[in-house]
Amino acid sequence: MGNIIGLDDIEEARKTLNNVAYNTGLVHNTTFSEMTGNSIYLKMENLQKTGSFKIRGAFNKIAHLPKKYKKKGVIAASAGNHAQGVAMAAKAYGIKATIVMPKHAPLSKIAATRGYGAEVILHGHLYDEAYEKAREIQEETGAVFIHPFDDPEVIAGQGTIGIEILEDLPDTDIIIVPVGGGGLISGIAVATKSIKPDIKIIGVQSKNMPSMAESIFKDRITTVNGMPTIADGIAVKTPGKITFEIVKRYVDDIVTVDEDEIANAILLLMERAKVIAEGAGAASVAALLNRMGQLKDKKIVALLSGGNIDVNMLSRIIDSGLVKSGRKVFINTLIPDRPGTLGVLLNRLADTGANVLSVTHNRSSRDIPIGYAKVELELETTSEEHIEEIKELLSLDNYSFVIL
């Protein structure tokens, strides 16, 4: 197969994106380096305009549209990040943008897209259903469809990330890239392998939607009817035709990570790197920590592709992560319904060093024996050992309790 895009296309895209997209930083992370035995760098596309890399490809595509097509307006389908990129680029050129997003796209991404002046239509549950609706509207209106990944100019725009990485760290050994439809990894792979042929490019997908991994394994484009994932930005059922051919030729491996691994990576990035990443953006770190234990003494770049995570989702991930690591526990217990008994319980818990975050005291439910009250406690703890200490104390004091 001849090259669909080459380094010259990506270098031209870089000129187009000058003063439009940020040249995002490459930040060394000591914690992840020590955890893996490698030198780990984070490519901070979560700090890009619109909160993700997508502005690069969308702007490059719209910039190259002939005037007669710009007049017709543009339409796109997106789970959120491509939507914002297209909306911002369209606004810059003063053209109408219509974006079809899945009904359950994060509210923050819907609001941001509307904030850039685009008309947002909510349709379907996954990107692919939104895509079909956008194609229908495009047929009716004659607007130009801006594909999120299967387009040479979009791929070239995303490839500018690869040039930046090698300018900042010429001896990079491996780049880990989140993969949905494949536009991002295709551009980066073409750019970096054209400059440094021995570099390794590793893709990462959610186990809940491993469409590119399945397609490469079967050596044909495969549609995967997967499950919902917190990495909504890479939840694509069918890879692109162009991207499939590029990935097959240039990408060294694709690994998959599960939901708990992605959630843990989001939490670790917050705590250890002071960085907010969405599920798709954190997938590269999830792969680094859980699939690459065989790698040592390598210079590895993990691409944080986006930071547009809904704060409600973030709150749930934090709570879940704290519970799993033994730093938060929920306990239900019964106490005699008389003055002072709640105070005794709380003082006993305080003696262990537990911090009481919330208390619910209920004597009215039908499952509570007469003469007793049900107490629901949310406690901040330090470890699993600390929780075991609390359980022992409650047992010694003859409390009947359940750990939730």
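Me: Which residue in β6 is the bridge partner of Ile75?
Reply: In this predicted model, β3 and β6 run parallel and are joined by 2 bridges. One end of the question is Ile75, and its bridge partner in β6 is Phe145.

Me: In what order do the strands of this open sheet come?
Reply: The sheet is made of 4 strands, and the pairing is parallel. β5 (119-122) and β6 (144-145) are the edge strands, each pairing on one side only. The order is β5-β4-β3-β6.

Me: Which residue of β4 is the bridge partner of Val74?
Reply: Strand β3 covers residues 74-77 and is joined to β4 by 4 bridges, the two running parallel. For Val74, the partner in β4 is Ala97.

Me: How many residues of β4 are buried?
Reply: β4 spans residues 97-101 and is mostly covered. Ala97, Ile99 and Met101 point one way, Thr98 and Val100 point the other way, and all are buried. The count is 5 of 5.

Me: Is β10 largely enclosed or open?
Reply: Strand β2 runs parallel to β10 and is joined to it by 6 bridges, while β7, also parallel to β10, is joined to it by 3 bridges. In β10, 5 of the 6 residues are buried, so the strand is, with respect to the rest of the structure, largely enclosed.

Me: Which residue in β10 is the bridge partner of Ser39, and which one stands opposite Ile174?
Reply: The 6 bridges between β2 and β10 include the pair formed by Ser39 and Lys299. On the β7 side, where 3 bridges are found, Ile174 has a residue of β10 opposite. The names are Lys299 for Ser39 and, for Ile174, Ile300.

Me: How many residues are in the largest nonpolar core?
Reply: The residues with the most contacts inside this core are Phe32, Leu42, Ile176, Ile266, Leu269 and Val285. Elements giving two or more residues to it include the strands β2 (39-44), β7 (174-178) and β10 (299-304), and the helices α12 (259-273) and α13 (279-291). A second, separate core has 35 residues, including Ile155, Leu169, Leu184 and Ile246. The largest core has 37.

Me: With which residues is Val285 in contact, leaving aside neighbours within four places in sequence?
Reply: Val285 is among the residues with the most contacts inside the largest core, as are Phe32, Leu42 and Leu269. Those three are also in contact with Val285 itself. The full set is Phe32, Leu42, Ala265, Leu269, Ala302 and Leu304.

Me: What separates the C-alpha atoms of Ile199 and Ile174?
Reply: Ile199 lies in the loop between α9 (183-195) and β8. Its relative accessible area is 0%, under the 20% limit, so Ile199 counts as buried. Ile199 touches Ile174, and among the others touched are Leu166, Ile175, Thr192 and Asp252. Ile174 and Ile199 are 25 residues apart along the chain, and their C-alpha atoms are separated by 5.9 Å.

Me: What is the phi of Asp219?
Reply: Most residues other than glycine have a negative phi. Asp219 has a positive one although it is not a glycine. Asp219 is found in the loop between α10 (211-218) and α11 (241-250), and is partly exposed at 49% relative accessible area. Its phi is about 60 degrees.

Me: Is Asp297 buried or exposed?
Reply: Asp297, in the loop between α13 and β10, also has a positive phi, near 55 degrees. Its relative accessibility is 69%, and the limit is over 50%, so Asp297 counts as exposed.

Me: What share of the residues in the protein is buried?
Reply: The protein has 16 helices and 14 strands, and its C-alpha atoms fill a box of roughly 80 × 50 × 40 Å along the principal axes. About 17,700 Å² is exposed, and carbon and sulfur atoms supply 50% of that area. Of the 404 residues, the buried share is 55%.

Me: How far apart do the centres of the positive and negative side chains lie?
Reply: The protein has 45 positive and 49 negative side chains. Taking the centre of each set, the two lie apart by 6 Å.

Note on methods: Residues numbered from 1 in each chain as written. Predicted model: local features only at pLDDT ≥ 70, side-chain atom pairs only at ≥ 80, totals over all residues. Heavy atoms only, no water. Buried < 20%, exposed > 50% of the residue type's maximum accessible area, 1.4 Å probe, protein only. Areas by Shrake-Rupley, 256 points an atom, 1.4 Å probe, with all protein chains shown as cover. Lys, Arg positive; Asp, Glu negative; His and termini not counted. Charge placed at Lys NZ, Arg CZ, Asp CG, Glu CD. Core = buried A, V, L, I, M, F, W, Y, C linked by side-chain atoms within 4.5 Å. Contact = heavy atoms within 4.5 Å. Pairing = 2+ DSSP bridges.
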